[in-house]
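Trainee: I'd like to go through this one with you and check what the labels rest on. Can we take it a piece at a time?

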Amino acid sequence: MTEEKSQHKVVIVPCSGIGKTYGTVSREAAYALTEDVRPEETQLVALSLLVLGDEAARAAVSANPAVTIDGCKLACATKMVKESGGKVAQDFAVLDVYRRYKQFKPQGISELNDGGLQLAQALAQEIAVVVDTIGTATPEGGQNG
Amino acid sequence: MTEYLETFVDKFTFKVATDRFYNAEGIWAKKEGQHVRIGLSDFLQQRSGDVAFAEVKPEGTALAFGDEVAVIETIKVNISLSSPVSGKILEVNPDMETAPEVINQDPFEKGWVAVIEASDWEADQTRLLDAPAYLAKMKKAAEEEVNRG
């Protein structure tokens, strides 16, 4: 991760919950967004790196607007970005998104079912709209998506 | 103001409201005049996880004791709620449709599920647990779950 890159991309921080369906959805959405939907405008930062205090990860969230994706109400991704000196431009909770897409019932953990994959895609599309809106502007306080 | 019994199991705290009765599943029933308000206990909502959707039988539905009154979908499970009282559904909490997370946020008050016009409360009540009895039952169940890991 270069400094130049981190200055021009919205940081995406998903839940790191292992063994939880909604955590897996958050990560699948982050992959879809950063690899396929908005690869030029976003960069993925692993929550575990922030927890470990990785300097490059902390620099990325400090210098860029962040979008967090939380798998449960503990909201670890959102909390960790804030504790790392970053500002959350928008926070998403998978459960809230699922309530908008009841037809995409997520199941599975290491491998999501079709509903889970579709929910991840829907979530990625919702985040893409936010990414297009915030661009590289200075982040403001987040709202739950 | 509602008073609660409280117990601690591992890192979890569970409350049991003392002004109502409970069935074995953890559905509470609170007598209010001629009617009975029902909802999920704190233990049941914590064990079930964050509620995504709640589908309650419509107003006017006749229920026998133990009939399914609602289905709750959480991030972990789908659970069928058995009515702790016989009678007819008078009112469904509108939050069940728009903000079912209120079950997790305030299970004994704002998270109520429905109000039932009870047809035989005196008989139904004898089949329910009072707060201390339910507390003992739920504590045992919680300890078993913790021990299972």
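Mentor: Sure, and keep in mind that this is a predicted model. Start with what packs over α5(A): β1 (10–14), α3 (47–52), α4 (55–63), β3 (65–70) and β4 (87–93) of chain A are among the elements that cover its buried residues.

Trainee: Which residues of helix α5 of chain A are called buried, and what makes them so?

Mentor: In α5 (residues 76–83) they are A:Ala77, A:Thr78, A:Met80 and A:Val81. The label needs 20 or more other C-beta atoms within 10 Å of a residue's own, so each of these four residues reaches that count. Right after α5(A) comes A:Gly85, with a positive phi near 90°.

Trainee: How much of chain A is buried?

Mentor: Buried residues are 45% of its 145 residues. The chain has seven helices and four strands, in the sequence pattern α-β-α-β-α-α-β-α-β-α-α. Of its contacts with a separation of 6 or more, 67% join residues 24 or more positions apart.

Trainee: What makes A:Ala29 part of a nonpolar core?

Mentor: Membership takes a buried residue of a nonpolar kind such as Ala, joined to others through C-beta atoms within 7 Å, and A:Ala29 is in the largest core, so it meets those terms. That core has 77 residues, and A:Ala29 is listed with A:Val45, A:Val94, A:Leu123 and B:Ile38 as having the most contacts inside it. Beyond its neighbours within four places in sequence, A:Ala29 touches A:Pro14, A:Ile69, A:Ala120, A:Leu123, A:Ala124 and A:Ile127.

Trainee: How many residues does each chain bring to the contact between them?

Mentor: Chain B gives four residues and chain A gives seven. On the chain B side, three are nonpolar, none is polar and one is charged.

Trainee: Why are β6 and β9 of chain B said to stand at the edges?

Mentor: The sheet is open, with three strands in the order β6-β8-β9 and antiparallel pairing. β6 (51–56) and β9 (78–82) each have a single partner strand, so one side of each has no neighbour in the sheet. On average, neighbouring strands here are turned by 20° against each other, direction ignored.

Trainee: How do you know that β6(B) and β8(B) pair?

Mentor: Pairing takes at least two bridges, and β6(B) and β8 (residues 68–74) have five, so they qualify, in the antiparallel sense. As one example, B:Val56 has B:Ala70 in β8(B) as its bridge partner.

Methods: Residues are numbered from 1 along each chain as its sequence is written. Chains are lettered from A and ligands numbered from 1 in the order in which they are written. This is a predicted model: local features need pLDDT of at least 70, side-chain atom pairs count only at pLDDT 80 or more; totals for chains, interfaces and linings use all residues. Two residues are in contact if their C-beta atoms, placed from the backbone, lie within 7 Å. Ala, Val, Leu, Ile, Met, Phe, Trp, Tyr, Cys and Pro count as nonpolar, Asp, Glu, Lys and Arg as charged, and the others, Gly among them, as polar. A residue is buried if 20 or more other C-beta atoms lie within 10 Å of its own, exposed if 12 or fewer, and partly exposed in between; C-beta atoms are placed from the backbone. Axes are lines fitted to C-alpha atoms, for helices over the stretch in contact, and angles run from 0 to 180 degrees between N-to-C directions.
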